[in-house]
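Biologist: I've got this one open and I'd like to learn how to read it. Can we go through it feature by feature?

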Amino acid sequence: MTTKLLQNCFLIAICESWLTSKFMDPQIALANYVSIRADRFQATTGKTSWGGLAIYINKHRCESFQILWTHSGHNLETMATSLRPFWTHREESFIIVPLIYCTVYETTSTDVSRATTELTHKEVDELETSNPNATIIAPGNLDHVNITLPKYRQRVKCPTRGVRTLDKCSAKLDNC
């Protein structure tokens with residue numbers, strides 16, 4: 001990533017960060033960014049590798065943030081963060097980012113896929129209901145299952161790995 005592009009980013013969302021308690025914050029620090037992380041824990045996921053979530057927020061573009069919740073399960077890891085940028089071009093005064101990492105594979109049972117999809121929808125619905133004036137942007141690593149959010153449009157239009165679009169970013173923005 002170029003320095004100029006990095007300076008202009010408001011937010012960097014990383015699904016499958018591979019972070020654990022072995023990594024200290026100074027080891028993953030980016031200049032002019034605050035990092036928020038939800039590391040993968042074997043006790044809640046049953047897994048020792050991959051996974052984990054991280055968000056970097058540009059200190060020059062955002063005045064405050066709050067972690068609303070984290071969820072770390074066997075098939076789904078999510079972290080919702082509320083951000084109050086210095087400037088928005090809409091009536092909304094804050095942005096909510098539910099970062100999603102799904103480990104369900106297309107070959108996983110239909111019941112597991114359905115339950116994971118329902119949990120994802122429930123979490124986003126709860127954010128919408130409790131924050132009606134927020135802009136919600138939902139990035140995620142959903143490469144092995146086709147979870148789509150009703151009323152949201154996929155914003156990533158190009159392949160992110162070979163010919164496949166692994167990384168998703170859905171938003172409910174009327175004019176985008």
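Modeller: Sure, let's start with aspartate 25. Its relative accessibility is 43%, so aspartate 25 counts as partly exposed; buried means under 20% relative accessible area, exposed over 50%, and partly exposed in between (1.4 Å probe, protein chains only). Keep in mind that this is a predicted model: local features need pLDDT of at least 70, side-chain atom pairs count only at pLDDT 80 or more, and totals for chains, interfaces and linings use all residues. Residues are numbered from 1 along each chain as its sequence is written, and side-chain values use heavy atoms, with hydrogens and water left out.

Biologist: Which residue forms a salt bridge with aspartate 25?

Modeller: In general, side chains of opposite charge can pair when their charged atoms come close. The rule here is a side-chain nitrogen of Lys or Arg within 4 Å of a carboxyl oxygen of Asp or Glu. Aspartate 25 pairs with arginine 37, with the closest N and O atoms 2.9 Å apart. Arginine 37 sits in strand 2 (residues 33-38) and aspartate 25 in helix 2 (residues 25-28), so the pair ties together parts twelve residues apart in sequence. Helices (H or I, at least four residues) and strands (E, at least two) are DSSP runs, numbered from the N terminus.

Biologist: How many salt bridges does the count come to?

Modeller: Five. Another one joins glutamate 128 and lysine 151 at 3.2 Å, N to O. Glutamate 128 is in helix 4 and lysine 151 in the loop between strand 7 and strand 8 (153-154), so this pair links parts 23 residues apart in sequence. Glutamate 128 is buried, at 15% relative accessibility, whereas lysine 151 is exposed at 57%.

Biologist: Why is there no bond between the sulfurs of cysteine 15 and cysteine 169?

Modeller: A disulfide is a covalent bond between the sulfur atoms of two cysteines. The cut-off used is a pair of cysteine sulfur atoms within 2.5 Å. For cysteine 15, the closest cysteine sulfur is the one in cysteine 169, and at 9.5 Å that is too far for a bond. Across the whole structure, the search finds zero disulfides.

Biologist: And where is threonine 78, buried or exposed?

Modeller: Buried, at 2% relative accessibility, and placed in strand 5 (residues 76-85). Contact means heavy atoms within 4.5 Å. Leaving aside neighbours within four places in sequence, threonine 78 has contacts including Leu53, Trp69 and Glu123.
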